[in-house]
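Open your viewer, switch to a cartoon view and colour by chain. This tour suggests what to select at each stop and tells you what is there.

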Amino acid sequence: MNYRFHGGVHPRENKDRTMDLPLAKAEPPPFVAISFSQHIGKPATPLVKPGERILRGQMIAEQTGYVSAAAHASISGIARGVVQVRHPLGFLVDALKIENDGLDEWDPAVKIERDVDALSPGEIRKIVQGAGIVGMGGATFPSHVKLSPPPEKKIDTLILNGAECEPYLTADDVLMREFPEEILRGAELFKKAIGAGRAIVGLEDNKPRAAAALKAAADRLGSGIEIAQLPVRYPQGAEKQLIYALLGRETPSGGLPMDAGVLVHNVASAYSGYEACAFGYPLTERVVTVTGPGIGKPANLWVRIGAMAGQLLDQCGFDPAATRKLIVGGPMMGLAMRDLEWSVVKGTNGILALDDPAAYCHRACIRCGRCIEGCPAGLLPCILSNYGESDRLAEAEEYNARDCFECGVCAYVCPSKRPIVQWIRMEKAEINRKKQMEVK
Amino acid sequence: MTMSAEEKKLLFNVNNSPHIRDGDTTPRIMGLVCLALAPALAWALLAFGWYAIVPVFFSVAACVLTEWAIVAWRGLPRSIDDGSAVVTGLLLAAVCPPNLPWWAAVVGGVFAIGIGKQAFGGLGHNIWNPALLGRAFMQASMPDRMMSGEWPHLGLAGKWWNNIFHYLGGSFSEIAGRINSNPDAVTRASMAGAVDAASGVDVMTGATLLDAMHVPAAGGIVDAAGNVAYHAPKALSPGWSSILYGWLGVEGGSLGEVSAVLLVIGGLYLLRKKVIPWDIPFFFILVAAVLGWAFPQPYKIGDAYAYTPWFQGPWLAHLGAGGLMLGAFFMATDMVTGPLTRKGRIIFACGCGVMTMVIRLFGGYPEGVCYAILLMNTCVPLIDSLTRPRVFGTGVKKQ
């Protein structure tokens, strides 16, 4: 039985240009720039000197502290030193530039085939940690941290997030269609690592072939993993909404899914987890959907981590003249990039070339209440936006600004085109800054 | 990877997510409201004659110019293109009598926008529905101009309706006489007859359906000790044909209120276009109908009055008469002056229905929609603070 989470919208899906395409391989990049900050947490510490020969899968930067993730070479070639690339959030970060020698030679040290059924929970966590796996739905939280909940938290259910509720994106869809078995085996491993009794894959019902492939794979494997199809409604893939939709459990305000006894992982993370556990492959490539009106040849591609956006887009018939906005991620929560000087990171699930109005001129709130009906967090976004505009932080906090997870439904539905979610983001940042000051 | 100056220049727009937006805009909402109001206003021109355009034109012009002037004076970006001033102008005209002089429409429009809206900070910040506030101001300052309920100058349309009513077994004059409780009933009937004969009468004024249902409280008999011994009944039950007249708009009344049927059609169009929520008109009309049906109301037998029993009131007449449909579909649904959440909107709409019927049945005015909505507008901040939605994840214990 599925539950209906409060609010949400159903924007035009725009998935039709890529949803039927098979998974293809991107052309090998002439060089990659692998960022040391591809995850939430401290940047990884570089391990490689300029001029060194690097093999694919070789760790080039190790994790710094617990909440951090290692980075690995995605091609074989010569290290050309540390350069700066733009992070999707806008700032410049350090990255290792590797020139491709075209051999694509795997590091023999990492390629280890294992009997996955014999792995203990601790070993699974260690392999996932060593492979640099992070949340691949875009949040990029290090997976090994999520797989190591404090012992007092009883987690009974693992949820694999295949909702892919953002318009345009089809990367998870095609991965579930073509690698259902690997994903389910990854789910079994994660389930074992956290000691959960139950596992569910949740996906929206606009992916019937992915659901069929997963069901067939579950039968083949004889695993008890459930495949649940949910109605198309953004943000179905927001983890707290997905938990509610599948289990009817509310994650407490300010808490994590484990506070509701659940762990949520993206399907691509489960795939990478299986590849790491079964074959020793660290995370060196991922599926990226390249689409949008500015793309002549839309595609779902296996892309090497660190491939430059320009080189990738050129393969897809990118037309800069027809592109006014370049988005990393989906159109609802993705980030707009100023140029092409950035490289694919572990959380890059899509690149969209949109032909969008430059900016929306916003008007006063007419209190229509559409943002309230749409808000999955049950907030009063219009009131919060007014507080943001008039800098009334205390009221904003009292109206639960910090429960906003920035899905953007409010700004999407607003007939006055107010950047509601942006005001709430700024309020949240300011409230958190003040809280930190108080602690000091 | 050093970038040349040329490469460094901004290539793409970098405004914030979401990068797609719903197609609906505030100007579109206002435009659809105008469109939905058009049939009822067009009917007013048909029924009352060309001069009904005078209050419409001057009210809209006064609203738009006032909006433009005040916003320009405040040094804010131009706001007249959002269409809200046009909506206010049309709604204000709709609640004015068709024979309103042009200067009165200008006074109402300037007050509605200047005091009713811009004094509070412009669109989105006003507490009361500007059009209704304008009407209340006019009612207080020029009651004679506002109370002159005018009967339709029917012309061709009247003949057409008359044929229909003949077919249904009545005639306009008979019906007009039947519903009339005032001493000038004979005059009323004969005047209506004059229209029937198309004898060249241009303008007719007389009691509206609600006036006819409403007998002034001054009709009470006071005994020697000064106590009110007998209350004259306050309303009269109308017959089916006058109910039909009320619904169809062959009836005296305010310019845009007369045709309940066309207002309902416009309202349903707005519902279909999702411009207005269903809950406000539904609960407003439901509550008004239930109260109009439940409470005893007077009717006339010969020269005497009698009360309808409980639960037999002329609810259908109440719905078709006066500004109820305009109020329920176009006035109470004003988003700016209404509550934010569904729960709040239901409380608000029920309050509007109760207040309308309290004023109609027990108050001094024949019509209560305007004051009922203004009164409930006043309660909106309170309703909003009492109906805040539960934030997801609150009230749930951490494991």
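How many helices and strands does chain B have? Select chain B and look through its cartoon: there are 18 helices and six strands. Please keep in mind throughout that this is a predicted model.

**Stop 1: chain B as a whole**

Stay with chain B and colour its 399 residues by burial; buried residues make up 50% of them. Now turn to contacts in chain B with a separation of 6 or more: 72% of these are between residues 24 or more positions apart.

**Stop 2: a buried arginine in chain B**

Next, select B:R360, which you will find in helix α17 (residues 342-362) of chain B. Is B:R360 buried or exposed? It has 28 C-beta neighbours inside 10 Å, so it counts as buried. Add B:H318 to the selection: this residue is 42 positions away along the chain, and 9.0 Å separate the two C-alpha atoms. Beyond its neighbours within four places in sequence, B:R360 is in contact with B:H318, B:P366, B:E367 and B:G368.

**Stop 3: where the chains touch**

Show both chains and select the residues where they meet. Chain A brings 62 residues to the contact and chain B brings 39. On the chain A side, β15 (325-328), β16 (335-337) and α12 (409-413) each supply at least two residues. What is the make-up of that side of chain A? Its residues divide into 33 nonpolar, 13 polar and 16 charged.

**Stop 4: the six-stranded sheet of chain A**

Two of those elements, β15 and β16 of chain A, lead us on to a sheet. Select β1, β14, β13, β17, β15 and β16 of chain A, in that order, to walk across an open sheet with mixed pairing. Which strands stand at the edges? They are β1 (23-25) and β16 of chain A; each has a single partner strand, so one side of each is left without a neighbour in the sheet. On average, neighbouring strands here are turned by 30 degrees against each other, direction ignored.

Zoom in on β15 and β16 of chain A, an antiparallel pair joined by three bridges. A:L326 has A:M337 in β16 of chain A as its bridge partner. Then add helix α3 (residues 171-178) of chain A, which packs on the sheet and touches β1, β13 (285-291), β14 (299-304) and β17 (350-354) of chain A. The direction of α3 makes about 125 degrees with that of β13 of chain A.

**Stop 5: a three-stranded sheet in chain A**

Now select β3, β5 and β6 of chain A, which form an open antiparallel sheet in that order. Here β3 (45-46) and β6 (71-72) are the edge strands, each with a single partner, so one side of each has no neighbour in the sheet. Two bridges join β5 (residues 59-62) to β6 of chain A. To see the two strands face each other, show A:M59, which stands opposite A:H72 in β6 of chain A.

**Stop 6: domains and cores**

Colour domain 1 (121-279) and domain 2 (370-439) of chain A separately. Their centres, taken over C-alpha atoms, are separated by 29 Å. Each domain gives five residues to the contact between them. On the domain 1 side, these are three nonpolar, two polar and no charged.

Next, show the largest nonpolar core, which has 149 residues; A:I34, A:A187 and A:L384 have the most contacts inside it. Both domains of chain A give residues to this core, so it lies between them. Centre on A:I34: leaving aside neighbours within four places in sequence, its contacts include A:I60, A:A71, A:L96 and A:I305. Another core, of 85 residues, lies apart from the core of A:I34; among its members are B:I29, B:W43, B:A62 and B:L100.

**Stop 7: backbone details**

Most residues other than glycine have a negative phi, and most peptide bonds are trans. Here are some places to check the backbone.

- A:Y234 to A:P235: this peptide bond is cis, with omega near -5 degrees. A:P235 is in the loop between β11 (226-230) and α6 (239-247) of chain A.
- B:S17 to B:P18: this bond is cis, with omega near -5 degrees. B:P18 is in the loop between α1 (5-8) and α2 (26-48) of chain B.
- A:R367: this residue has a positive phi of about 55 degrees. With 23 C-beta neighbours inside 10 Å, A:R367 counts as buried.
- A:N400: here phi is positive, at about 60 degrees. A:N400 is in the loop between α11 (393-398) and α12 of chain A.

Methods:
Residues numbered from 1 in each chain as written. Chains lettered and ligands numbered in written order. Predicted model: local features only at pLDDT ≥ 70, side-chain atom pairs only at ≥ 80, totals over all residues. Pairing = 2+ DSSP bridges. Helix = DSSP H or I, 4+ residues; strand = E, 2+ residues; numbered from the N terminus. Buried ≥ 20, exposed ≤ 12 C-beta atoms within 10 Å, placed from the backbone. Contact = placed C-beta atoms within 7 Å. Nonpolar A, V, L, I, M, F, W, Y, C, P; charged D, E, K, R; others polar. Axes fitted to C-alpha atoms, helices over the stretch in contact; angles between N-to-C directions. Domains from an automatic or database assignment. Core = buried A, V, L, I, M, F, W, Y, C linked by C-beta atoms within 7 Å.
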